[in-house]
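Colleague: I would like to learn how to read a model like this one. Could you take me through the sheet, the core and a loop residue?

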Amino acid sequence: MESPFKKAPWDSCAVVGNGGILANSSCGKQIDSATYVIRCNLPPLNNGHERDTGSKTNFVTANPSILFEKYRALNEHRRSFVENVQIYGDALLLLPAFSYRQNTAVSLRALYSLEDFERGPRAVFYNPAYLRSLAGFWRGQGVREARLSTGIMMASLALELCNNVHLYGFWPFGTHPYTGRQLTNHYYDNRPANKRAHTMPAEFEALLKLHNKGVIHLHLGECTN
């Protein structure tokens, strides 16, 4: 199989996190204008979110908790999974196959479901060696945690694939940096993040350092089109 990244580097990449800071941001048009759009954890794109999040998707991740909880580990709810991911068109769908042993079987079931129904995104897996070297790199930048969050992994991927990296929805705090208004955890719900596994402020600090050096562009305010 040929590499899906043969056309890289792309001119611009938008990495869209799911932080509450995206709500009412009007960033949809700006996000969709990027050459390559990466989204995290099977986010909702319709129901009026498009104005803030856009809908163009070239690459999307599925976190294990969604596969286990929403789709009951794909033991029976396979059709609804395949139907729901049609929203991402023919994007690449990154499944968490080798991050932990229990994720491998569920990721394979997701892959086989997509193949059986012959529709929707194309499933891809991380190479375990890449995951190890990525964790080592960020440890050197002061991010010491049990497991890197999807967001920082996608930002890392974008830095390898794109000349200009723009991050949206990356803000791990409960109040807006400019307006001081209270924010929900995600732009679509207020479900708490897994604080045990991820050290969000440390990750954000590492990304902020890259932003201050001009390596990436963190978008925290409203987008003016």
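Colleague: Which residue of β6 stands opposite V15?

Modeller: V15 faces L167 in β6. Helices and strands here are DSSP runs (H or I of at least four residues for helices, E of at least two for strands), numbered from the N terminus. This is a predicted model, where local features need pLDDT of at least 70, side-chain atom pairs count only at pLDDT 80 or more, and totals for chains, interfaces and linings use all residues. Residues are numbered from 1 along each chain as its sequence is written, and side-chain values use heavy atoms, with hydrogens and water left out.

Colleague: How many bridges link β1 and β6, and in which sense do they pair?

Modeller: Two strands pair if DSSP finds at least two bridges between them. β1 and β6 have 6 bridges in the parallel sense, and C13 stands opposite V165 in β6. On to β7: β6 and β7 run parallel, joined by 3 bridges, and H166 has H217 of β7 as its bridge partner.

Colleague: What is the strand order of the whole sheet?

Modeller: The order is β5-β4-β3-β2-β1-β6-β7, an open sheet of 7 strands with parallel pairing. β5 (122-125) and β7 (217-219) are at the edges with a single partner strand each, so one side of each has no neighbour in the sheet. On average, neighbouring strands are turned by 25° against each other, direction ignored.

Colleague: Which strands does α5 lie across?

Modeller: For angles, axes are lines fitted to C-alpha atoms, for helices over the stretch in contact, and the values run from 0 to 180 degrees between N-to-C directions. Contact means heavy atoms within 4.5 Å. Helix α5 (residues 101-117) lies across β4 and β5, at about 155° to β5. α8 also packs on the sheet: this helix touches β6 and β7, and its direction makes about 120° with that of β7.

Colleague: Why look for a nonpolar core?

Modeller: Because nonpolar side chains tend to be buried together in soluble globular proteins. A nonpolar core is a set of buried Ala, Val, Leu, Ile, Met, Phe, Trp, Tyr and Cys residues joined through side-chain atoms within 4.5 Å. Buried means under 20% relative accessible area, exposed over 50%, and partly exposed in between (1.4 Å probe, protein chains only). The largest core here has 37 residues, and V15, F59, M154 and L167 are among those with the most contacts inside it. Its largest share, 7 residues, comes from α7. A second, separate core of 31 residues includes L22 and L114.

Colleague: How many residues of α7 are buried?

Modeller: 9 of its 12 residues are buried, including M153, M154 and L157. Beyond four places away in sequence, M154 touches V15, I38, C40, F59, T61, L94 and Y126.

Colleague: Now the loop residue: is T57 buried or exposed?

Modeller: T57 is buried, with a relative accessible area of 11%, and lies in the loop between α2 (50-53) and β3 (59-61). A polar contact is a pair of N or O atoms within 3.5 Å; within protein, one must be able to donate a hydrogen and the other to accept it, and residues adjacent in sequence count only if both atoms are side-chain atoms. The T57 side chain makes one with the side chain of R39 at 3.1 Å, and reaches the backbone oxygen of S55 at 3.0 Å.
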